[in-house]
Amino acid sequence: MVYGFGFVLFRIMFALAFVLVIGMFLVFAVKGIAQWNQNNHSPRLTVPAVIVAKRTNVTRHHHSGAGGHHHHHTSTSYYVTFQFGGGDRMELLVSGSEYGMLVEGDQGDLSFQGTRYLGFERK
């Protein structure tokens, strides 16, 4: 069989793209596991803090399926920024229900473990 240069180039590009996608997936998986492990080995701390900011990150996914079916999926991540007495700040991912209960300017005790939010008790 004789293949043209374009076909060989396509096969090489396809293989590189495949390796790149698999490599990115592995990097993100390893980073996630490393962060989870680091959080598990961090001490649980409870410190006085003030809520200084809240934000959301909305991600939209569009999938085209067989037979022309389209699926849309939206997910929202909720973040709250806490400020400590010395002026240091930390942004933590919180659940939607926690996000709804917290208000900018609230003062209280923040409980966290590494980058994992554990709770906030308003004073």
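Let's start with a salt bridge. The side chains of E91 and R55 meet in one, at 2.7 Å from N to O. E91 sits in strand β3 and R55 in strand β1. Along the chain they are 36 residues apart, so this pair links distant parts. How accessible are the two partners? E91 is partly exposed, at 39% relative accessibility. R55 is partly exposed as well, at 37%.

A word of caution before we go on. What you see is a predicted model.

How many salt bridges does a search of the whole structure find? It finds 3. Side chains of opposite charge can pair when their charged atoms come close. You have met one pair. Here are the others.

Take D106 and R122. Their side chains form a salt bridge at 2.8 Å, N to O. D106 lies in the loop between α2, residues 96-101, and β4. R122 lies in strand β5. The two are 16 residues apart, and again distant parts of the chain are linked. Is D106 buried or exposed? D106 is buried, because its relative accessibility is 13% and the cut-off for buried is under 20%. R122, at 44%, counts as partly exposed.

Now D109 and K123. Here the closest N and O atoms are 3.5 Å apart. D109 belongs to strand β4, while K123 falls in the segment after β5. That pair is 14 residues apart. D109 is partly exposed, with a relative accessible area of 23%. K123 is exposed, at 71%.

Those strand names need a map. So look at the sheet.

It is an open sheet of 5 strands, and the pairing is antiparallel. What is the strand order? Read it as β3-β2-β1-β4-β5. Which strands stand at the edges? They are β3, residues 89-94, and β5, residues 116-122. Each has a single partner strand, so one side of each is left without a neighbour in the sheet. From one strand to the next, the twist averages 35 degrees. As background, strands of a sheet pair through backbone hydrogen bonds, either parallel or antiparallel.

Next, strand β1. In the order, β1 stands between β2 and β4. Take the β2 side. Here β1 and β2 pair in the antiparallel sense, over 15 bridges. One example is H63, whose bridge partner in β2 is H71. The two strands form a hairpin, with 5 residues between them. In that turn, G67 has a positive phi of about 75 degrees.

Now the β4 side. Strand β1 covers residues 44-64, and β4 covers 107-113. How many bridges join them? There are 7, and the strands run antiparallel. V47 stands opposite L110 in β4. P48 stands opposite D109. You know D109 already: it is the salt-bridge partner of K123.

Stay with β1 for one more residue. I51 is found in this strand. I51 is buried, with a relative accessible area of 1%. Its C-alpha atom is separated from that of D106 by 5.4 Å. Along the chain, the two residues are 55 apart. And D106 is the residue that pairs with R122.

On to the core. How many residues are in the largest nonpolar core? It has 13. Those with the most contacts inside it are V80, F82, L102, L110, Y117 and F120. L110 is the residue opposite V47. Where do the core residues come from? β1, β2, β3, β4 and β5 each supply at least two. The largest share, 3 residues, comes from β2, residues 70-84.

Last stop: the surface. There is a nonpolar patch of about 530 Å². Which residues make it? They are F18, V19, I22, F25 and L26. F18 lies in helix α1, residues 5-41. Why does F18 count as exposed? Its relative accessibility is 52%, and the cut-off for exposed is over 50%.

To recap, then. An open, antiparallel sheet of 5 strands. A largest nonpolar core of 13 residues. In total, 3 salt bridges. And a nonpolar surface patch that includes F18 of helix α1. Thanks, that's the tour.

Terms used: Residues numbered from 1 in each chain as written. Predicted model: local features only at pLDDT ≥ 70, side-chain atom pairs only at ≥ 80, totals over all residues. Heavy atoms only, no water. Pairing = 2+ DSSP bridges. Helix = DSSP H or I, 4+ residues; strand = E, 2+ residues; numbered from the N terminus. Axes fitted to C-alpha atoms, helices over the stretch in contact; angles between N-to-C directions. Patch = residues over 30% accessible without salt bridge, like charges linked within 9 Å, V, L, I, M, F, W, Y side chains within 5 Å. Areas by Shrake-Rupley, 256 points an atom, 1.4 Å probe, with all protein chains shown as cover. Salt bridge = Lys/Arg side-chain N within 4 Å of Asp/Glu carboxyl O. Buried < 20%, exposed > 50% of the residue type's maximum accessible area, 1.4 Å probe, protein only. Core = buried A, V, L, I, M, F, W, Y, C linked by side-chain atoms within 4.5 Å.
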